[in-house]
Amino acid sequence: MGMIYLDNGATSFQKPREVEMAMHWALSHCASVGRGGYRQAENAAKIVYACRELAGELFDALPEQVVFTMNCTHGLNIAIRSLVRPGDRVAVSGFEHNAVMRPLYALGARPVIFGRKLFDWENTLQELEKALQSGVKAAVFTQVSNVFGYVLPVEQMGALCRRYRVPFIVDAAQGAGSCRVSLKEWGADFVAMPGHKGLLGPQGTGILLCAGNAEPLLYGGTGSHSEEHAMPGELPDRLEAGTLNVTGIAGLLEGLRYLKRNGAENIGSREKELAAVLSRGMAQLDYQVFSGEHQSGTVSMGGNEDCELLAERLGAMGVAVRAGLHCAPLAHDSAGTLKTGTVRFSTGPFTTRRDVERTLEILGKIRVS
Amino acid sequence: MNGYLFTFRSITPAQRGEAVLRRRGVDAALRRTPRSIADKGCGYALRVSTLQLNRAVSALREQNVPFQRVYLQTGEQLEEVWV
């Protein structure tokens with residue numbers, strides 16, 4: 001029996017077949033974008049633009065507002081450095097990843113943490129409003145908690161930020177590909193997402209949607225304005241110094257095409273149903289399960305056993321999961337699991353009902369052993 | 001063969017222009033901007049036929065695609081035109 005892959009929160013290991021094929025094709029047919037007018041450069045340019053255009057269509061942005069990054073963290077660093085200055089007070093949800101917290105701390109910003117109750121939209125919105133009223137300079141929040149699968153009310157949170165005229169950044173690392181993402185409707189200044197999770201592209205890819213003024217993190221050649229000492233003012237060139245990962249973007253394009261064919265929200269609903277089956281089954285086995293109304297296809301559980309040892313046993317029995325703090329100590333602190341950590345099960349588009357049932361059988365065997 | 005060149009500051013707006021024109025039934029060929037007219041270094045341009053100039057200008061303006069200048073290309077000669 002093959003491995004049961006339930007670590008889609010880390011990366012979508014299982015990809016549509018077309019992703020690998022496109023990457024193979026790109027390796028032998030694509031040169032560098034914006035550096036030449038011959039066929040291989042044109043091939044690369046076409047793939048990169050097609051990916052920008054499709055991402056713009058899926059996430060309500062213009063193609064120029066789609067900036068390719070190496071991962072979500074890269075995009076968040078650009079966004080945070082564009083909006084936040086040393087000493088600024090910045091509102092952050094109680095479920096942020098280190099990809100948000102570490103750049104803020106590195107800048108010398110002062111995080112104002114709001115909404116620490118899991119699966120509680122009222123608490124999230126009330127606490128955000130208090131933070132906004134206290135005079136923060138910016139807000140950064142995740143769309144979905146990477147640890148607990150808590151789906152935050154991002155649309156309403158964006159509306160609040162706009163009402164208080166506070167610029168904001170959305171970390172869509174766990175939402176893109178399974179929830180609706182809209183730069184335009186949210187009115188966000190930036191939305192960052194990885195290419196290799198819900199978007200089903202390869203690792204080394206990411207997207208930053210930019211509506212606000214952006215500051216480059218990297219400086220260098222862009223294939224444009226070459227006589228100028230400064231980086232170009234317009235997007236995406238302003239944020240894309242150096243040669244793009246065309247092979248990765250070719251794979252990402254196929255991942256996005258898969259999403260367009262199948263519908264991100266359909267995929268998300270299915271994942272959510274599978275996670276609910278897992279939650280119920282774990283609860284019946286007397287594990288401590290973190291579940292609630294506003295939950296994605298990710299579920300975390302605790303128990304008496306050390307979470308790392310339990311994940312190791314699951315791994316040895318063919319179930320791939322992630323244990324520990326998931327690079328999100330703040331989220332664990334909010335949920336009261338900072339000391340113990342949790343074992344996270346994150347479903348994906350290729351997770352089957354049988355995978356979930358088999359996982360519960362294995363958890364049952366572990367429980368009695 | 002004569003034609004018009006729309007210049008752009010970089011490849012992405014030129015590609016968006018190409019997509020907009022294609023949807024409007026205007027054939028546009030993406031190419032590198034000739035060095036003699038490239039503003040501040042490298043750039044990209046779209047070449048359209050003389051018959052499609054007006055259609056191309058309105059389509060690009062309607063969709064807010066930021067082109068820089070327009071040149072009449074006659075053989076290797078390039079002359080800026082005001083549209």
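**Fold of chain B and its contact with chain A**

In this predicted model, helix α1(B) lies across three strands of chain B, namely β1 (3-8), β2 and β3 (44-48), and runs at about 20° to β3(B). A second helix, α2 (residues 53-62) of chain B, also packs on the sheet. Helix α2 touches β1, β3 and β4 of chain B, and its direction makes about 20° with that of β1(B).

The sheet that carries these helices is worth a look in its own right. Chain B has an open sheet of 5 strands, arranged in the order β2-β3-β1-β4-β5 with antiparallel pairing. At the edges stand β2 (29-32) and β5 (77-81) of chain B; each has a single partner strand, so one side of each is left without a neighbour in the sheet. From one strand to the next, the twist averages 35°. The pairing of β5(B) can be followed in detail: strand β4 (residues 70-74) of chain B is joined to β5(B) by 5 bridges, and the two run antiparallel. In one of these strands, β5(B), B:Val81 is the bridge partner of B:Val70.

We turn next to the meeting of the two chains. The size of an interface is often given as the accessible area lost when the parts come together. For chain B and chain A, the buried area is about 1,600 Å², with 50% of it on carbon and sulfur atoms. The contact draws 15 residues from chain B and 22 residues from chain A. Between the chains, 8 residue pairs are in polar contact, counting pairs with both residues at pLDDT 80 or more. Helix α1 (residues 11-23) of chain B supplies 6 residues, the largest share of the side of chain B that touches chain A. Sorted by class, that side of chain B comprises 5 nonpolar, 4 polar and 6 charged residues.

Charged residues also appear in the pairings across the interface, where 4 salt bridges are found. One of them links B:Arg23 to A:Glu53, with the closest N and O atoms 3.6 Å apart.

On the chain A side, A:Glu234 offers a further point of interest. This residue lies in the loop between β8 (206-210) and α8 (246-262) of chain A. The side chain of A:Glu234 makes a polar contact with the side chain of B:Arg9 at 3.2 Å. Leaving aside residues up to four places away in sequence, A:Glu234 touches A:His225 within chain A, and B:Arg9 and B:Ser10 in chain B.

Terms used:
Residues numbered from 1 in each chain as written. Chains lettered and ligands numbered in written order. Predicted model: local features only at pLDDT ≥ 70, side-chain atom pairs only at ≥ 80, totals over all residues. Heavy atoms only, no water. Contact = heavy atoms within 4.5 Å. Buried area = accessible area lost by both parts, 1.4 Å probe. Salt bridge = Lys/Arg side-chain N within 4 Å of Asp/Glu carboxyl O. Polar contact = N/O pair within 3.5 Å; in protein donor to acceptor, adjacent residues only side chain to side chain. Helix = DSSP H or I, 4+ residues; strand = E, 2+ residues; numbered from the N terminus. Nonpolar A, V, L, I, M, F, W, Y, C, P; charged D, E, K, R; others polar. Pairing = 2+ DSSP bridges. Axes fitted to C-alpha atoms, helices over the stretch in contact; angles between N-to-C directions.
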